[in-house]
Amino acid sequence: MSVVFDKLKELAEIDAKLVSLKRRVDAGPKELEMQQQNCDAVKASRSEVQEACMRCAAQIDALGLDVKSLEGETRDLDQKIGIVKNSKEYKIVTERIKDVKKSISDNEQKELELMEELDGLKTILTEKNEQLVVEEEKLEEVQSSNKSDAKLIKTEQIELIKRRKAKIAEIEAKDVDVMKIYNHSLSRGKGYALSELKNSACQMCFRKVSASVVNVVIAHINIDKCLCPGCGRILFVVNEE
């Protein structure tokens, strides 16, 4: 029975590697999705900055048109002030000139403030563009890495499956019923059929076992009695005393 135990441990190592490879395969799309989300987030953030730039530029243009219109009105008022007929009209025109010039000054100040804001937004936009380039390069790297890993993993999986079939044949040649127990433990153990027994406890679920079970495990007999009562895995010892 010790020989069968040894072969079961070899089979369990193969199955553990297959589980690890499957996790790598499953992790690939998740990593790719996460990096795609990073790119999308930067794009969305960049779009917000672009829209803010356009709004700011539109406000600057509108203020520029207002200033030109007010400057035109100022020229008209300057001409009109030379032909006023009385002090009342003179006062009205001069007050209007004063108001128009103040409006021009206010608009020009707003233009300056908006220009500064636009410069700041353009700086941020440049940073967003650079950030997007970095994230898109990472995305390409992940895509390339996933394709490369997928090929290597597939090759390794094929080789492991071949070894698994050969190992099962070796075990069944010794004891057909053992594989039934092993497959049941493999299913319960989520890809890990065996677990080390140390200090009377299963090292996978840490369930304590009785002294009689410990003795059976150490003796490498009656595999159906070497099952962990907690997780159902087949127990084995590394160093027998």
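A residue is termed buried when its relative accessible area is under 20%, exposed when that area is over 50%, and partly exposed in between. In the predicted model examined here, N183 has a relative accessible area of 37% and is therefore classed as partly exposed. This asparagine lies in helix α3, which spans residues 176-188, and its C-alpha is placed 9.9 Å from that of R233, although the two residues are 50 positions apart in sequence.

Several further residues of interest belong to helix α2, which runs over residues 87-174 and includes K128. The lysine at this position is buried and yet takes part in no salt bridge, the nearest side chain of opposite charge being that of E127, at a distance of 7.0 Å. When neighbours within four places in sequence are left aside, the contacts of K128 are with V42, S45, R46 and V49.

N146 is likewise found in helix α2, where a relative accessible area of 18% falls under the 20% limit, so that this residue counts as buried. Beyond the residues up to four places away in sequence, N146 touches G28, P29, E31 and L32.

A contrasting environment is seen for E141, which is also located in helix α2 but has a relative accessibility of 56% and, because this value is over 50%, is counted as exposed. Together with E136, E137 and E140, the glutamate E141 forms a negative patch on the surface.

Terms used: Residues numbered from 1 in each chain as written. Predicted model: local features only at pLDDT ≥ 70, side-chain atom pairs only at ≥ 80, totals over all residues. Heavy atoms only, no water. Helix = DSSP H or I, 4+ residues; strand = E, 2+ residues; numbered from the N terminus. Buried < 20%, exposed > 50% of the residue type's maximum accessible area, 1.4 Å probe, protein only. Lys, Arg positive; Asp, Glu negative; His and termini not counted. Salt bridge = Lys/Arg side-chain N within 4 Å of Asp/Glu carboxyl O. Contact = heavy atoms within 4.5 Å. Patch = residues over 30% accessible without salt bridge, like charges linked within 9 Å, V, L, I, M, F, W, Y side chains within 5 Å. Areas by Shrake-Rupley, 256 points an atom, 1.4 Å probe, with all protein chains shown as cover. Charge placed at Lys NZ, Arg CZ, Asp CG, Glu CD.
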